[in-house]
Amino acid sequence: MNNASEKLVATAKAGLTATQELATKAQAATQKLVDLNMSTAKATLSDSLDHAKAVMAAKDPQALAALQAGLAQPAAAKATAYAEEFQKIVAGANAEFTKAAQSNMDDVQKGFAALMASATNSAPAGTESAMAFFNNAMTASQNAFASAQTSAKQAVEAAQANFTAVTTQAVEAVKKASKSA
């Protein structure tokens, strides 16, 4: 096997390893979301049954109205807590993916640059202009990818900031509703 082929195989193996690591991280984040949803579903069912029992035990319309009024605040607080935990899991997974993707992209770019240098050095005489064109095209595509990656990162950060702002507003609304109740 020649040096260029060995570098290509090594780069492919590194890419496969990186893909496996990202899949493992995705599975872990998904498991956290499943656990969050299951615990939320169990708590919601339990709370619903407790509330239904309390409604059936109400002696008069005033007691029933008080039960109904008292239900909104804890439900809103639990929904806010769920949203915060959900956001924390998603933000953590996003940070891990971004870090891994950037690290892996740097490795892939270095491997590709080494492969291109090796191919350029071992190219037959007279193909210099074709190799230069190919190198320029590959450099342009890598720059375009880096630009797209930066734009995607900014979009994710903006979405995350918006989600955090909405969650904060919901928390504040629940606090205000609690104080006025």
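Let me start with Ala43, which sits in helix α1, the helix that runs over residues 3-57, and please keep in mind that what we are looking at is a predicted model. Ala43 has a relative accessible area of 36%, and because buried means under 20% and exposed means over 50%, this residue falls in between and counts as partly exposed. If you look across from Ala43 to Lys78, the two residues are 35 positions apart in sequence, while in space their C-alpha atoms are 9.5 Å apart.

Staying in helix α1, I would like to move along to His51, which belongs to that helix as well. Is His51 buried or exposed? Its relative accessibility is 16%, and since the cut-off for buried is under 20%, His51 counts as buried. Leaving aside residues up to four places away in sequence, the partners that His51 touches are Leu67, Gln68 and Leu71.

Let me now step back to the chain as a whole. There are 3 helices and 0 strands, so that, helices and strands being DSSP runs numbered from the N terminus, the pattern read along the sequence is α-α-α. The chain has 181 residues, and 11% of them count as buried, His51 being one that does. As for the contacts with a separation of 6 or more, 76% of them are accounted for by residues 24 or more positions apart. Finally, the accessible surface of the chain comes to about 12,400 Å², and carbon and sulfur atoms hold 65% of that area.

Technical notes. Residues are numbered from 1 along each chain as its sequence is written. This is a predicted model: local features need pLDDT of at least 70, side-chain atom pairs count only at pLDDT 80 or more; totals for chains, interfaces and linings use all residues. Side-chain values use heavy atoms; hydrogens and water are left out. Helices (H or I, at least four residues) and strands (E, at least two) are DSSP runs, numbered from the N terminus. Buried means under 20% relative accessible area, exposed over 50%, partly exposed in between (1.4 Å probe, protein chains only). Contact means heavy atoms within 4.5 Å. Accessible areas come from the Shrake-Rupley method with a 1.4 Å probe; for residues, only the protein chains shown count as cover.
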